[in-house]
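Got your viewer open? Let's take a walk through this structure, one selection at a time.

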Amino acid sequence: MSKKTDDLNSSLQSDETDTFEWPDEKADQPGYHEALELIAKKQLRQLPFITGLTIVLGILLFGLSVLIARVPSSLIPVLYCAGGGIVLFLLWAFLSSRRCPQCRRFFARGSLEPEGSYTTTQPVNMTAQRTSTVRVFRTLCRHCGHEWRVLR
């Protein structure tokens, strides 16, 4: 037999019990501010796609408005398509909010546990300010156990 096979057999026959230590999962979990920075970086990566999508949709809407102005009977199919597009977008937004960022499985969000909140103030005009409260919730993936935060 080869040396690798002998080493494998001897390790399997040894009486020693191997202890396995799980890595500390809390050590690699981002903190509150780090999680907000990760969300901001993700949104910056998505910015070119959103800009391109906005340009394409603007061109399509302009073309459809020209088509409707020239041929008014084509308005009904356009309304059906626009309504279907809105429904599909809302369905996509709902499903993506419940998708785990790590394992990417759908309907993975568990129960929301409140973690904290923060308030922001924005000037509306010279004399008034608008304050809004953002609540931060912590949740676990039902499939892989990944922990992430939800802002509301």
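Before we start, a quick bit of vocabulary: Ala, Val, Leu, Ile, Met, Phe, Trp, Tyr, Cys and Pro count as nonpolar, Asp, Glu, Lys and Arg as charged, and the others, Gly among them, as polar. Also keep in mind that you're looking at a predicted model.

**Stop one: the second largest pocket.** Select Leu 57, Leu 60, Leu 61, Leu 64, Val 78, Cys 81, Ala 82 and Gly 85, and you have its lining. What classes of residue are in that lining? Seven are nonpolar, one is polar and none is charged. Helices H2 and H3 each chip in at least two of these residues. The pocket holds about 250 Å³ of space.

**Stop two: the largest pocket.** Here the volume is about 1400 Å³. Select Ile 39, Lys 42, Gln 46, Ser 96 and Ser 97: out of 34 lining residues, these are the closest to the pocket's centre. Now colour helix H2 (32–70), helix H3 (75–97) and strand E3 (147–151), the elements that each give two or more residues to this lining. H2 gives the largest share, with 12 residues. By class, this lining has 17 nonpolar, eight polar and nine charged residues.

**Stop three: along H2.** Select the whole helix and check its length. With 39 residues at 1.5 Å a residue, H2 should span 57 Å, and its end C-alpha atoms are 55 Å apart, which agrees. Where does H2 bend? Zoom in on Gln 46: the helix bends there by about 40 degrees, and a proline, Pro 48, follows within four residues. You've met Gln 46 already, among the residues closest to the centre of the largest pocket.

Notes
Residues are numbered from 1 along each chain as its sequence is written. This is a predicted model: local features need pLDDT of at least 70, side-chain atom pairs count only at pLDDT 80 or more; totals for chains, interfaces and linings use all residues. Side-chain values use heavy atoms; hydrogens and water are left out. On a 1 Å grid over the protein atoms alone, a cavity is a set of points where a 1.4 Å probe fits but cannot get out, and a pocket is an open set with protein on both sides within 12 Å along at least five of seven lines; lining residues have an atom within 4 Å of a point. Grid points are joined across faces, edges and corners, and a volume is the space filled by probe spheres set on the points. The expected span of a helix is 1.5 Å times one less than its number of residues. The bend at a residue is the angle between axes fitted to the seven residues ending there and the seven starting there.
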